[in-house]
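Colleague: I'm new to reading protein models, and I'd like a close look at one strand and its surroundings. Please pick one that repays the effort and walk me through it slowly.

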Amino acid sequence: MAPLFRADHIGSLLRPQSLLDARSCLSSPSQMYSLDAPQSVKDAETQAVREVVQQQLQEGVRPITDGEYARHIYYGGFFEKLAGFEAKPNLPIPDAFRTDFPTTTGLAKMGAKTRAAVVCTGKIQYKESPYLSEWLVLRENIPKELWHEAKFTIPAPNYQHIQLKPGTAWTKESGYSSDQEYFDDLAKCYAAELQTLYDAGLRNIQVDDPHLTYFCSTQFLGGCQKDGTNADELLDLYTRTHNQLLTNKPADLHVGMHLCRGNMSGSTHWVSGSYEKIAYKLFNETDYQTYYLEFDDIERAGGFEPLRFLPKGKNVVLGLVSTKTPEMEYPDTIKERISAAAAVIASAQGISQEEAMDCLAISPQCGFSSSSLAGGKGMTMDTMWQKLRLVRDIAREVWV
């Protein structure tokens, strides 16, 4: 199955200075889950989305996204809008989090003492759509005949659970007695959100789950062992939940999964390592159609060998252009790497190189601004658009 777009991008875009200025009152990490944005901020977000959509339309950059301009960080605005969840702005590092959790370990080295998270304190219920308002702002800036060319991002269901100390993602007062109960209700909310967005005209959703790459990290796996957590069972719990939220999705709603290793301020990543440890389960035991994978740096992300586990009927968007550095990639080098990835798939599936090319596309390896204030070291607006045009042009040349 061919990807929706041969040239794709992961969703988040650098924020214009006007939006950063407007959001300066909400820039503290402890405010990442704040729902109290003043109208002036919402107006600035709407204007910024209008402008960035127009530039994507003019540049021929697809899919069309809102740059995640209404969010402080890529996972913001979801969990805290579901009934049963409560934002905790200042949980202590490391005590409230998993042992040796790569994100909080890294933040602690930067001097952080606390981190915000969202904890389940009651029955998880879907009473209102977390993201419908964001989609409607994006939609109103796109001609109806182009709605199918838009993409919208949502965080993975395991985002809060994986970072919090085992047994603390839900409280005793919540009424839950197991992680499975917690995820069963959370998956129902996700399924309801997919349906709500679909009913409003959305046809392409990307679920961002960078934390699945932590199961490739010896640091994370070692922390699980210290906590008495069976990492294999934990990964199974998460992949089952992903499948639960997809069970009843509309047939013509495309849903893909993005994985990376962190993309925070100053080009920071939290883990390194090949997809090898999770590739078979990822490709064969989750029901996603498309996988957006980071491959721009072999030392950080490994080579293409894990693609041998990709089954027929699914596709991969190769993240070959870096959002972490302003240096422009050489088109010929990118084309050679696309061919190398296709060769791995062709050999494993027993198909021709041309057939293997049909299940591939390219993109940057991650978003350009996973949080409002984060961007690759030295990355500018001009460079970002150059890179998006580079992806567009290479795809046009490779897939004629």
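Modeller: Happy to! One definition to begin with: two strands count as paired if DSSP finds at least two bridges between them. Please also keep in mind that this is a predicted model.

Let's look at strand β7, which covers residues 315–321. β7 belongs to an open sheet of six strands, in the order β3-β4-β5-β6-β7-β8, and the pairing is parallel. The two edges are β3 (152–155) and β8 (360–364), each of which pairs on one side only. From one strand to its neighbour, the direction turns by 25° on average, if you ignore which way the turn goes.

In that order, β7 sits between β6 and β8. Start with β6, residues 290–294: five bridges join β6 to β7, and the two strands run parallel. You can find individual partners here. Y291 has V316 of β7 as its bridge partner, and L293 stands opposite L318 in β7. Now turn to the other neighbour. Five bridges also join β7 to β8, again in parallel, and here L318 stands opposite I362 of β8. L318 is therefore a handy residue to click on: L293 stands opposite L318, and L318 in turn stands opposite I362.

How much of this strand is buried? Seven of the seven residues of β7 are buried, so the strand is largely enclosed by the rest of the structure. When you look at a strand like this, it helps to know that side chains in a regular strand alternate between the two faces of the sheet.

Next, step back along the chain to the loop between α10 (298–301) and β7, where you'll find R308. R308 forms a salt bridge with E276, with 2.5 Å between the closest N and O atoms. E276 is in the loop between β5 and α9 (279–285), and the pair links distant parts of the chain, 32 residues apart. Side chains of opposite charge can pair in this way when their charged atoms come close. Unlike the buried residues of β7, R308 counts as partly exposed because its relative accessibility is 37%. E276 is partly exposed too, at 34%.

A second salt bridge involves loops that lead into other strands of the sheet. The side chains of D252 and R203 meet at 3.6 Å, N to O. D252 lies in the loop between α8 (231–246) and β5 (254–259), and R203 in the loop between α6 (179–199) and β4 (204–208), so the pair ties together parts that are 49 residues apart in sequence. Both partners are partly exposed: D252 has 46% relative accessibility, and R203 has 25%. By the rule used for this model, the count comes to 17 salt bridges.

Finally, try a helix pair for contrast. The axes of α2 (39–59) and α13 (381–398) come within 11 Å and cross at roughly 40°, in a right-handed crossing. V52, Q55, Q56 and E59 of α2 make the contact with W385, R389 and R392 of α13. By class, that gives two nonpolar, two polar and three charged residues. R392 also meets D393 in a salt bridge, at 2.8 Å, N to O. With a relative accessible area of 15%, R392 is buried, whereas D393 is partly exposed at 29%.

Terms used. Residues are numbered from 1 along each chain as its sequence is written. This is a predicted model: local features need pLDDT of at least 70, side-chain atom pairs count only at pLDDT 80 or more; totals for chains, interfaces and linings use all residues. Side-chain values use heavy atoms; hydrogens and water are left out. Helices (H or I, at least four residues) and strands (E, at least two) are DSSP runs, numbered from the N terminus. Axes are lines fitted to C-alpha atoms, for helices over the stretch in contact, and angles run from 0 to 180 degrees between N-to-C directions. A crossing is left-handed if the near helix is turned anticlockwise from the far one by less than a right angle, and right-handed if clockwise. Contact means heavy atoms within 4.5 Å. Ala, Val, Leu, Ile, Met, Phe, Trp, Tyr, Cys and Pro count as nonpolar, Asp, Glu, Lys and Arg as charged, and the others, Gly among them, as polar. A salt bridge is a side-chain nitrogen of Lys or Arg within 4 Å of a carboxyl oxygen of Asp or Glu. Buried means under 20% relative accessible area, exposed over 50%, partly exposed in between (1.4 Å probe, protein chains only).
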